[in-house]
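Hi,

Here is the structure I promised to send over. Have a look at it first, and then read on for what turned up when I went through it.

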Amino acid sequence: MVTLANLVLATALAAVGLASVIPPKIGTTALGNGHGTSSGRASLKQVRRPGYRFNGARDIYKTYLKYGVPVPDYLKNAVANIDALNAAALSKRENGSAAAIPIDPRFDIAYVTPVTIGTPPQTLYLDFDTGSSDLWVFSSHTPESQVRGQRIYSPEKSSTAKLLAGHTWSILYGDGSGSLGNVYTDNFTVGGVTVTSQAVQTAQQVSYSFTSQSEIHGLVGLGFSTLNTVFPNGQLTFFDNAKSTLDSPVFTADLKWKKEGTYDFGFIDETKYTGEITYLPVQTDPGYWTFTSSGYAVGDGAFHPASIVGIADTGTSLTYLPAEVVTSYWGQVDGAVDSDYYGGYVFPCSSKLPSFTFGVGPANITIPASYINYAQITEGSPVCFGGLQSSSWLGVNIWGDVALKAAFVVFNGANPPTIGWAKK
Ligand SMILES: CNCc1ccc(Oc2cccnc2)o1
């Protein structure tokens, strides 16, 4: 016996996706192939209206109206409450996409991405670096003698800038470069994603290697915020601040060989990779995107299972792996030597290089040989510098740009974080 109350209950349960105890049999639905044939069968593809947010209370409200039952006040309020929550959620969600531009057309020493800081917006090009967690910029506080062509951020020209009184920072990178200074908070936007009151670390000193690289106006750290060097209170990275407003707590890196790639925030662009994404666990202590590769192969040679613990670091140009791995690679290259004089593996530019494959769980990523022929020692030299170098002096294995640009990489900031790898 289907009573009206049961019907409402059934509709309500169905509306919230729960199987109802009374199979609602509200008339028969037209079935068929949707092409108007006379077969008496039609199927209609259900599509989600863009921006649609589910409101179960409204479905029940409609059932009351449909059967002429007076709508109780609590139900009217429920509909309004859920609409308000949905509106707030929609207004909060944002995603973004920004270019990763090689700073030198000849070889991929680093990639920069346009950002705007402050009000009115000041545009700078920053190096997005998953291997560190400070957001710092050349600024009006950087001595003019240390600024050589870089754009600067001038907090005094931004109506939304606020000094973070008593806070300082100082950072040293793996290549020996470094910078230090004080801290403001201001509006920070990349690819349409805005964080208000982002900690922006203004440089008061930069090392010569930064001064000499005019295309890099600062860094955006995308490592875990535990690595942030601001003292006495560590600050959150742009990603950690943006996470709650993104559709999904992820960013992806699609770096390219001698071409512009992209960083996406809040979504995974299925058109940017092929096959499946393999997700691996991330060790977040001390704060790098640390994962374990499952082994390697040189060229078409046999795959060597191994556990290679390393960090995914968009801020490092080359890839640094254990000595036994790189000696087995360079052993396949005529004339390759690990040169103290040149500071790493070099080889005759005329030599043929094999590709390099590294394992990511049951899957793998292959770095084409061309990516490993990194650059001539100097313009016109017959000696070339390898993109695969030994990590023995570093104390950590680093999957830098030479490896990352061979893949589509998902930095998943959920709890627990994971890192995803896909071919492209
Ligand atoms: C090349 N020295 C200046 C410079 C540009 C970008 C960075 O930053 C780095 C360097 C190494 C590792 N991680 C980030 O330093």
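Let me start with a small puzzle: does Y342 count as buried, partly exposed or exposed? Keep in mind that this is a predicted model, so everything below is computed from predicted coordinates.

To place the residue, Y342 sits in the loop that runs between strand 15 (337–339) and strand 16. Leaving aside residues up to four places away in sequence, Y342 touches I377, V383 and F385. Even with those contacts, Y342 comes out as partly exposed, because its relative accessibility is 35% and the partly exposed class runs between the 20% and 50% cut-offs.

**The disulfide**

Y342 also leads us to a cysteine. Y342 and C384 are 42 residues apart in sequence, and their C-alpha atoms are 9.9 Å apart in space. C384 is half of the one disulfide in the structure, where its partner is C349 and the S to S distance is 2.1 Å. The link between C349 and C384 is right-handed, with 105 degrees about the S-S bond. This pair links distant parts of the chain, 35 residues apart: C349 is in the loop between strand 16 (344–348) and strand 17 (356–360), while C384 is in strand 20 (residues 383–386).

The two cysteines fall into separate accessibility classes. C384 is buried because its relative accessible area is 3%, and C349 counts as partly exposed because its value is 23%.

**Aromatic rings**

There is plenty here if you like aromatics, with a count of 28 aromatic pairs. Take F251 and F411: their ring centres are 4.7 Å apart and their planes are at 5 degrees, so this pair is stacked. The pair links distant parts of the chain, with F251 in strand 9, F411 in strand 23, and the two positions 160 residues apart. F251 counts as buried, at 0% relative accessibility, and F411 is buried too, with a relative accessible area of 0%.

F411 has another ring partner in W289. Here the centres are 5.1 Å apart and the planes are at 80 degrees, so W289 and F411 make an edge-to-face pair. W289 lies in the loop between strand 11 (274–281) and strand 12 (290–298), and F411 is in strand 23, so the pair ties together parts that are 122 residues apart in sequence. W289 counts as buried, at 1% relative accessibility.

Those three rings belong to a bigger picture. Ring pairs link F128, F188, F224, F238, F239, F251, Y263, F265, W289 and F411 into a cluster. If you want to pick that cluster out in your viewer, F251, W289 and F411 are among its members.

One more ring has a charge for company: the charged end of K405 sits over the ring of Y371, 5.7 Å from the ring centre.

**One side of a helix**

Which residues of helix 6 (residues 323–330) are buried? They are V325, V326, Y329 and W330. These residues cover an arc of only 115 degrees around the axis, which puts them on the same side of helix 6.

**Backbone oddities**

Some background for this part: most residues other than glycine have a negative phi, and most peptide bonds are trans. A few spots here depart from that pattern.

Take the cis peptide bonds to begin with. One joins F231 and P232, with omega at about 5 degrees. P232 is found in the loop between strand 8 (218–221) and helix 5 (238–242). Another cis bond runs from N415 to P416, with omega near 5 degrees. P416 is in the loop between strand 23 (408–412) and strand 24 (418–423).

Then there are the positive phi angles. S197 is not a glycine, yet its phi is positive at about 60 degrees. S197 is placed in strand 7 (residues 193–206) and counts as partly exposed, at 48% relative accessibility. K258 is not a glycine either, and its phi is positive at about 55 degrees. K258 is found in the loop between strand 9 (250–256) and strand 10 (259–265), and K258 counts as partly exposed, at 37% relative accessibility.

That's the tour. Shout if you'd like to go through any of it together.

Cheers

Key
Residues are numbered from 1 along each chain as its sequence is written. This is a predicted model: local features need pLDDT of at least 70, side-chain atom pairs count only at pLDDT 80 or more; totals for chains, interfaces and linings use all residues. Side-chain values use heavy atoms; hydrogens and water are left out. Buried means under 20% relative accessible area, exposed over 50%, partly exposed in between (1.4 Å probe, protein chains only). Helices (H or I, at least four residues) and strands (E, at least two) are DSSP runs, numbered from the N terminus. The arc is that of the directions from the helix axis to the C-beta atoms. Rings of Phe, Tyr and Trp (its six-membered ring) pair if their centres lie within 6.5 Å; planes under 30 degrees apart count as stacked, over 60 as edge-to-face and the rest as tilted. A charge sits over a ring if NZ of Lys or CZ of Arg is within 6 Å of the ring centre and within 35 degrees of the ring normal. A disulfide is a pair of cysteine sulfur atoms within 2.5 Å. Contact means heavy atoms within 4.5 Å.
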